[in-house]
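Open the model in your viewer and keep the selection tool at hand. Each stop says what to select and what is there.

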Amino acid sequence: MRFYEFEAKQLFSKYGIPLPAGSRVAHSPEEAATIAEEIGGPVVLKAQVLTGGRMKAGGVLFADTPSEAAHAAEKILGLVIKGHVPRGVLVEARAPVEQEYYLGVTWDGFARLPVMVFSDMGGIDVEEVAEKHPEHIAKRHFSTIYPFSDYMAKELIASLGVSGTNLLRLTHIAAQLARAFRNHSLTLAEINPLARLKDGRFVCLDGHVDLEDDARESQRQILQELGIDPAEKRQARPPTEFEIRGAEIDASDPRGVAGNVVEFDGDLGLIIGAGGGSLTLFDAIRKHGGRPANYCEIGGNPSVAKTCALTKLILSKPGVKKIAVMMNVVSNTRVDLVARGVIKGVLECGYKPSEKIAIFRIPGSWESEGFKILKDYGVDYCDRTVSMYEAAGRAVAKMREG
Amino acid sequence: MSILITRDTTFIIQGITGREAVNMTRECLDYGSKIVGGVTPGRGGREVYGVPVYDTVREVTARTRVDGSVVAVPPAFTRDAVMEALDAGIKLIVIVTERIPRYEVAQMVEMAKLKGARIIGPNCLGILSPDEAKMGGLGGRAEDARKAFKKGFVGVMSRSGGMTTEMCNTLSAAGLGQSTAVSIGGDPIIGSTYADLMPLFEADPETKAIVIYCEPGGRMEAELAQYVVEKKSRLPIVAFMAGRFMDEMPGMRFGHAGTIVEGKADTTAEKIARMEAAGISVAERIEDIPGMVQQRLGL
């Protein structure tokens, strides 16, 4: 779960990481003017969106007076940046910057440990620095069971030649960032640029925070303190109506999963096994030249009602001519229950299962019971002797027949 | 031979009275596994299919040898359950629970290392050594597991639980049995990666080839490619790569939590290139795997 910049900064602030003066969100031009007046000097106004490229889109503006700030805020609040409407404008003091640094804490899946990354070349893409100027990048892993100690941050920063007051100030910020990362189950805590101002102070000019989705429950308190609704989904693009309904069906019944629905513009509706099986089957359909109308996972032994509701949802999508129901050899999902749910859904939509179901390929637990039901309704099904690839091919061929 | 478990491996199930765990107990017992106890706090004194339930892990380890534990408790209690098992001296822990924050997974992995123990998972279906034992839900009911898994010389590792069974079924149908199949889990951080398990298969004289299931996300395939080159592995490896379509759809999230397309090293194209450079054969279709294994072994 990505945080807006202002939320990331509020979190940093709770850990004593210094922010530019003023740093508050305005929701109207008037509010922006008030904040600018309090700051009493040049300000920067930034669109609060969960996407990159806001500078190019005109989402970052400068102002010298409160009335200029109001004007800039009005412009920014009227923008739509890559489909995102700004959730307010962050107004902060603009101070002369002496040098920009990079500081980030994230996971190293290879080492299975958190890693802190520091660079004295901040402000630009850290990957780019790592590639072109590796000597300006320092990394250090830290334990998840031993306490984090400030010396770890100090060693990291000193390794790039930083010393004196700068070292002490940066150490404090880095150590606190690591603590925020640990305490809140973050997957990314990043300050870039971390600026040293002309007067020697350090401030966080921009920040990124990602919270582990699976940790939302345990992080309720901090989310509440930051004014974030724990149920709020923050995706790369807003979910479609269809995808929202898929999530609702999944939430309606605890048995099994029937969620993770993604829409495409093809004509073959897919009800495919969760996880690896669905990736394999989606590839196979495309390899055969099929046009998926959606990607929809099902698994973990869903109830008949859940499968039925999901089938109806897939069939309700305009352009869907047939559906393919496919999984790898299943262990704990009952084939007969899935067959029952799919057939029920097709019938309730007023279609013949034999015509609407292009193929049913779920071998495994309770398969003979499942195959009997499918046979009764004349549905084309296959057992484990037919590969996933072959089954996908049969479904695509059916689509061509019409 | 097998790796990790044999017919003599004794294990417990933590969270044994849960709905799924009860089924798993039945499946494992029917397959011939030696389950010496179950643990559910507050439920001590009960039985699940004849397996005695205790309140603490120590109550079981005090009575009998316990080689492993299957942890099937809700996500919020998993870390505690794993710590309890590690503290009681259990050396093999299979975590089937999903949706555990990676911070906690990393803690468990770090603790396990200190204790000289091994974690498989989380978010996995466990281990199955054909005709020996199964530890976890892999393969489902014993009769279903016997259909898909046959004894043989192929070591199987998979990030997808379901695809473990599918691949083993295809191998078995072609007359290629398995030494041991391990569902390692699909999360961004897991206890045992392909490269972590390779030395075990290397040391098993009966394992002659390895088959793995791969998908986008993470660096596990790159790690394996590096291992194969550096350690000069004796075992030919055939990898199946799923999710090739995701290269064309950056930013989308499918399937496992770990399959988040972030950067170039994560793409299927990059993974395939790295594995092939290391001498790993990459299959496009599951049904191509048996032929490729036979070819690599000169059969």
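Contact here means heavy atoms within 4.5 Å. This is a predicted model, in which local features need pLDDT of at least 70, side-chain atom pairs count only at pLDDT 80 or more, and totals for chains, interfaces and linings use all residues. Residues are numbered from 1 along each chain as its sequence is written, chains are lettered from A and ligands numbered from 1 in the order in which they are written, and side-chain values use heavy atoms, with hydrogens and water left out.

**Stop 1: B:Gly162**

Select B:Gly162. It is in helix α6 of chain B; helices (H or I, at least four residues) and strands (E, at least two) are DSSP runs, numbered from the N terminus. Which residues is B:Gly162 in contact with, leaving aside its neighbours within four places in sequence? They are A:Asn328, A:Val329 and B:Leu125. Now add B:Gly139. Its C-alpha atom is 8.3 Å from that of B:Gly162, and the two are 23 residues apart along the chain.

**Stop 2: the interface of chain B and chain A**

Widen the selection to both sides. Chain B puts 59 residues into the contact, and chain A puts in 49 residues. Together they bury about 4300 Å², 54% of it on carbon and sulfur atoms. Buried area is the accessible area (1.4 Å probe) that two parts lose on being put together, summed over both. In chain B, pick B:Tyr103, B:Glu110 and B:Phe245: these lose the most area to chain A, together 16% of what that side buries.

Next, show polar contacts. There are 23 residue pairs between chain B and chain A, both residues at pLDDT 80 or more. A polar contact is a pair of N or O atoms within 3.5 Å; within protein, one must be able to donate a hydrogen and the other to accept it, and residues adjacent in sequence count only if both atoms are side-chain atoms.

Colour chain B by element. Those giving two or more residues to the side that touches chain A are α1 (19-31), α4 (102-115), α5 (142-148), α6 (161-173), α8 (220-231) and β13 (237-241). Which element gives the most to that side? It is α4(B), with eight residues. By class, this side of chain B has 24 nonpolar, 16 polar and 19 charged residues. Ala, Val, Leu, Ile, Met, Phe, Trp, Tyr, Cys and Pro count as nonpolar, Asp, Glu, Lys and Arg as charged, and the others, Gly among them, as polar.

**Stop 3: salt bridges**

A salt bridge is a side-chain nitrogen of Lys or Arg within 4 Å of a carboxyl oxygen of Asp or Glu. The structure holds 49 over all chains. Across the interface of chain B and chain A there are seven. Select B:Arg99 and A:Asp214: their side chains meet in a salt bridge, 3.0 Å from N to O. Stay on B:Arg99. It lies in the loop between β6 (92-95) and α4 of chain B. Its phi is positive, about 65°, although it is not a glycine.

Move to A:Glu5 and A:Lys46, another salt bridge, at 2.7 Å from N to O. This pair links distant parts of the chain, 41 residues apart: A:Glu5 is in helix α1 (residues 5-14) of chain A, and A:Lys46 is in strand β2 (residues 43-47) of chain A.

**Stop 4: cis peptide bonds**

Select A:Asn192 and A:Pro193. The peptide bond between them is cis, with omega near 0°. A:Pro193 sits in strand β8 (residues 186-197) of chain A. Then go to B:Gly121 and B:Pro122, where the bond is also cis, with omega near 5°. B:Pro122 is in the loop between β7 (118-120) and β8 (126-129) of chain B.
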